[in-house]
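Visitor: I am new to this structure. Please take me through one part of it up close.

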Amino acid sequence: MFRLLKRQSPGRLIALGFLSVILIGSVLLMLPCSVKDGVTLRYIDALYTSTSAVCVTGLIAVDAGDTFTPLGQTFLAMLIQIGGLGVTAVGAGVIIAIGKKVNMKGRNLIREAMNLDSGKGLVVFVRDIFITTVIIELSGAVLSFLVFVQDYPPIRAIGISLFHSVAAFNNSGFDILGNFQNLIPYRHNVLLNVVTCALIILGGIGFLVIREVCSKRFRWKKFSMHAKVVITMSIVLIIVGAVMLKFTEDITWMAAVFHSVSARTAGFSTYPLGTFSQSGLLVLTVLMFIGASPGSTGGGIKTSTFFVLLQGIKSAATNKDEKAFHYAIPKNAFRKAAVIASLALFVVIIGTYIMTILEPEIPLVDLLFEITSAFGTVGLSTGITPDLCDGAKFLSIVIMYIGRLGPLTIASLWYFTRGDRVSYPEGNIAIG
């Protein structure tokens, strides 16, 4: 068995790692000590919750606050943390913590999981990830405590604050407030809104960018092209999304900004999305599809992918070279971005089609929103998740798994190296 695993590609090992954690998590959540007295938890709902946690999605079939005990909620937070950092990074962190060395196979896994171009300095990078995570999450928990302690006993407020900080930084929209209320009771609380948005943004821009911003002391001119693209696209998407949501929905500017940030893979909401107009849901759907940035805790096709697509289209339309921030965009970047976007669109369309068959009575816009949320590992829902049939829940589980790993990674799992290939002459095909 061990020899068989050693022969597998990094992509397959990462996929197996996530699947193993999901299955183990579903068993932990089913334990009697994890479920509150008088509450019945079916395995499909435990599996759904575990998948949603490990894939840092936040879609819920059962309310975490009403269903799980403090121990069960701790298990849930651990699954979110492992899923956000990545199974590979967590495993490497444990190896480093006990004083062992990470072998070449492990280094390749880390590089693959974190979308890194080079294998240099991986151990230091993993160590920095854990230190950064602890600092940010503890800071978020302290600030959140100032809000939650006003409504809950201190011990309970500490637990809620820690859980919320972990969920927000890892871009997972879980909450343990109960009654499926999410953050709706705190829609007018400025501090919690700001802290939550800050945690989401920091978790969504990626550890590479956080590390670069800190090391180069916020000097824009010294940033790499990747950092400039990620930061610029994140700011633009937040602003454009907030303006469009404010234009279509009867919400405050703070709520518009909050949902624009949250829709990019976090999944928290301060207003019931079931009351949003179709225009507002469309805006959120597009933001969910784009998602966060590479090497982050979020999902979606990624901001850099979307940026490269726009630049490629602009280049084709104007017949000019693809460039940005005084850098030339790599020649194969547009091809890779187009493949990722096409596969993602294929997954969302096929998933929505199957969902319409399984749930014919639910409006199409709600089903499309649900599937896009699952694929983008967002967690936003119009409220249909708990009432989905078992088949629809299983479909959503598969979509969340694909979204967390990435459609290109899933597609590459079936690739096997072959011998010499036959070379064919180029043919002609009309395009457009």
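**Alanine 64 and the cavities**

Guide: Start with alanine 64. Leaving aside neighbours within four places in sequence, alanine 64 is in contact with Gln73, Leu76, Asp175 and Ile176. This is a predicted model. Alanine 64 lies in helix 4, which covers residues 64-67. Its relative accessible area is 2%, under the 20% cut-off, so alanine 64 is buried. Take aspartate 175 next. Alanine 64 and aspartate 175 are 111 residues apart in sequence. In space, the two are 6.8 Å apart, C-alpha to C-alpha.

Asp175 and Ile176 also help line the second largest cavity. That cavity holds about 40 Å³ of space. Its lining also includes Phe148, Ile160, Phe163 and His164. Phe174, Leu177 and Leu183 line it too. Helix 9, residues 154-169, gives the most to this lining, with three residues. By class, the lining has seven nonpolar residues, one polar and one charged.

Now look at the whole structure. A search finds two cavities of 30 Å³ or more. The largest has a volume of about 80 Å³. Helix 10 (190-205) and helix 12 (225-248) are the elements that give two or more residues to its lining. Helix 10 has the largest share, four residues. Among the lining residues are Asn171, Ile200, Ser234, Val261, Arg264 and Ala292. Six residues of this lining are nonpolar, three are polar and one is charged.

Terms used. Residues numbered from 1 in each chain as written. Predicted model: local features only at pLDDT ≥ 70, side-chain atom pairs only at ≥ 80, totals over all residues. Heavy atoms only, no water. Buried < 20%, exposed > 50% of the residue type's maximum accessible area, 1.4 Å probe, protein only. Contact = heavy atoms within 4.5 Å. 1 Å grid on protein atoms, 1.4 Å probe; cavity = no way out; pocket = protein on both sides within 12 Å on 5 of 7 lines; lining within 4 Å. Points joined across faces, edges and corners; volume = space filled by probe spheres on them. Nonpolar A, V, L, I, M, F, W, Y, C, P; charged D, E, K, R; others polar.
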